[in-house]
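Got your viewer open? Here is a short tour that goes from one selection to the next, with a note on what to look for at each stop.

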Amino acid sequence: MTAQGGSANRRLSLVTVDQILSSLSNIAALIWVAHAFEPIDFGRFSLVILVYTVAQVVFRSLISTTAIVHPEDADTRAGDILGATVVLGIGASILCSAAGLALIAADSAMGGPILVLGLSLTFLMLHDVGRYLAIAKQRPAGAVTLDSLWFGLLVVGFVGTEQLGRDSLTWLIAAWTGSGVVASLWVFVQCGAPTGGGFAWLRERWDFSWRSMVSGLSASGTALATASLMTLFSSPIAVAAFRAATLLGAPSTAVQMAVGTSAAADIAREREDPRAVWRHVRRAILIATVVGVLNLVVLVFLPDVVGHAVLGEAWDIVEPLMLAVSLKVLLMAAQSGLRASLIGTHRIQAAMVTDVVSIVLVGACMVVGAAWGDAEGALWAMAVGTGVSTVCWWVAVIWKGRGPLPDLPARTATDEREGEDGDREPVPARPVRVAPGKHRA
């Protein structure tokens with residue numbers, strides 16, 4: 001293995017650890033609520049997680065993904081990126097807090113939890129962007145540090161609330177968000193303080209970031225719409241079973257997300273070399289496939305005693321769904337790295353269109369499956385839709401991946417290409433267009 005390949009594998013391993021740690025904090029909170037609170041509180045906490053996830057998607061699309069594919073910005077303008085995060089985070093925090101106050105005024109049980117989330121949202125988004133900045137800088141150990149801090153502080157917070165007798169859902173969410181707020185302060189140690197160039201940076205990268213946001217929101221929005229439509233066709237127990245089943249597949253999904261994120265970061269730095277791009281894509285597909293196979297073996301043959309320990313009585317209605325969930329995760333492996341290749345090479349338009357088309361297909365299949373066979377029908381239909389979306393991604397990569405790279409700086413001197421023997425061979429310089437009426441200096 002080359003030194004470069006070994007370095008890429010080490011980064012991928014650390015990014016994988018980071019993504020697992022990131023998902024563990026949410027999963028641990030969900031499991032805690034499932035065992036310590038009433039089912040209605042589990043539903044309320046799931047709603048809070050959903051609000052947080054939507055905000056996370058927006059910030060990852062506008063800021064984090066943009067920093068990943070523009071590593072030069074992560075290297076030299078981290079303060080501007082953090083500045084943009086703080087400004088947008090304050091706006092999101094105000095909106096969420098206002099919603100929480102309105103719910104409190106309406107005497108809703110969701111008021112306190114949403115208000116607590118709103119007050120913490122700026123710092124939680126700062127924590128998430130800090131993770132992706134570390135990955136963009138090719139220093140994923142920094143992301144692992146941030147998530148380790150949150151997870152460790154979360155354990156302390158949960159134990160503290162139990163010892164103090166603060167057993168309401170609002171206090172549990174305060175422990176969850178408060179630990180994230182404290183952990184987010186380490187971002188300033190790793191990346192420095194925010195600067196005032198956030199808006200300027202957002203304007204410069206807007207052509208990429210708005211497409212990235214449409215792509216991300218189409219996925220999260222369709223998931224929300226699908227879950228809502230399932231309630232019209234399925235029983236509440238079926239909807240709960242569906243959510244619990246997808247929860248068990250979350251660790252494997254986190255690994256696949258890590259593979260894609262790491263591949264996009266590496267591809268962005270080597271996007272002018274097609275062989276390097278496909279090397280990262282092949283590695284991503286191989287790793288995701290191995291994880292998918294392991295996921296299938298573990299979930300399908302998971303002992304009942306373990307299933308009951310994790311999900312309690314819900315395991316009895318979830319267990320028949322494990323094969324469908326596992327097949328969906330395995331089918332996702334075939335598209336791991338494909339989205340990363342389009343994003344890393346700045347072909348965001350193709351990625352956006354493919355994201356929208358594939359997610360709509362998956363969502364439509366899930367709704368039809370839920371109407372036909374409740375949770376089991378929805379999950380099998382989701383597996384079928386995932387297979388179709390995988391074909392969409394391969395078509396997009398083959399169709400768009402062969403064209404010229406966008407956003408390459410103009411070359412006015414002698415270009416070079418690599419010959420078959422590995423030597424660098426000069427080729428004629430490309431002509432530089434001069435606008436009418438202007439003269440070159």
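**Stop one: a loop with an unusual backbone.** Start by selecting Q138, which sits in the loop between α5 and α6 (140-163). This is a predicted model, so keep that in mind as you go. Although Q138 is not a glycine, its phi is positive, at about 60 degrees. Is Q138 buried or exposed, or something in between? Its relative accessible area is 30%, so Q138 is partly exposed.

Now jump to H346, in the loop between α17 (338-344) and α18 (348-400). H346 is another non-glycine residue with a positive phi, this time about 70 degrees. Its relative accessibility is 7%, so H346 counts as buried.

**Stop two: zoom out.** Show the whole thing as a cartoon. You should have 18 helices and two strands on screen. The protein has 441 residues, and 49% of them count as buried. Switch on a surface if you like: the accessible area is about 20800 Å², with 67% of that belonging to carbon and sulfur atoms. For contact-map fans: among contacts with a separation of 6 or more, 78% are between residues 24 or more positions apart.

**Stop three: helix α5 and its charges.** Select helix α5 (residues 111-136) and, within it, D128 and R131, which are three residues apart, so about one helical turn separates them. Their side chains meet in a salt bridge, 2.6 Å from N to O. How accessible is D128? At 3% relative accessibility, D128 counts as buried. R131 goes down to 0%, and it is buried too. Add R60 and D147 to the selection: together with D128 and R131 they form one network, joined by salt bridges that share partners.

While D128 is still highlighted, pick Q56. Q56 belongs to helix α2 (residues 39-69). Leaving aside residues up to four places away in sequence, Q56 touches M125 and D128. With a relative accessible area of 10%, Q56 is buried.

Stay in helix α2 and select V54. V54 counts as partly exposed, at 31% relative accessibility. Draw a distance from the C-alpha of V54 to that of G216: you get 9.1 Å between residues that are 162 apart along the chain.

**Stop four: α5 against α12.** Which residues make the contact between these helices? Select Y132, I135 and A136 on α5, then M257, T261, A265 and R269 on α12. The axes of α5 and α12 are 10 Å apart and cross at about 50 degrees, which makes α5 oblique to α12. Colour this contact by residue class and you have five nonpolar residues, one polar and one charged.

**Stop five: α12 against α13.** Keep α12 (residues 250-269) on display and bring in α13 (residues 274-300). The axes of α12 and α13 are again 10 Å apart, now at an angle of about 175 degrees. The two are therefore roughly antiparallel to each other. On the α12 side, select S252, V255, Q256, V259, A263, D266 and I267. On the α13 side, the selection is V277, H280, V281, R283, A284, I287, A288, V291 and N295. By class, this contact has 10 nonpolar, four polar and two charged residues.

**Stop six: salt bridges across the sequence.** A search of the whole structure turns up 13 salt bridges. Side chains of opposite charge can pair when their charged atoms come close.

Select D73 and R205: they form a salt bridge with the closest N and O atoms 2.8 Å apart. D73 is in helix α3 (residues 71-76) and R205 is in the loop between α9 (198-204) and α10 (206-233), so this pair ties together parts that lie 132 residues apart in sequence. Both D73 and R205 are buried.

For the last pick, go back to R269, which forms a salt bridge with D75, with 3.2 Å between the closest N and O atoms. R269 is in helix α12 and D75 in helix α3, so parts 194 residues apart in sequence are tied together here. R269 is partly exposed at 34% relative accessibility, and D75 is partly exposed as well, at 40%. You have met R269 before: it is one of the α12 residues in the contact with α5.

Note on methods:
Residues numbered from 1 in each chain as written. Predicted model: local features only at pLDDT ≥ 70, side-chain atom pairs only at ≥ 80, totals over all residues. Heavy atoms only, no water. Axes fitted to C-alpha atoms, helices over the stretch in contact; angles between N-to-C directions. Helix = DSSP H or I, 4+ residues; strand = E, 2+ residues; numbered from the N terminus. Parallel < 35°, antiparallel > 145°, perpendicular 65-115°, else oblique. Contact = heavy atoms within 4.5 Å. Nonpolar A, V, L, I, M, F, W, Y, C, P; charged D, E, K, R; others polar. Salt bridge = Lys/Arg side-chain N within 4 Å of Asp/Glu carboxyl O. Buried < 20%, exposed > 50% of the residue type's maximum accessible area, 1.4 Å probe, protein only. Areas by Shrake-Rupley, 256 points an atom, 1.4 Å probe, with all protein chains shown as cover.
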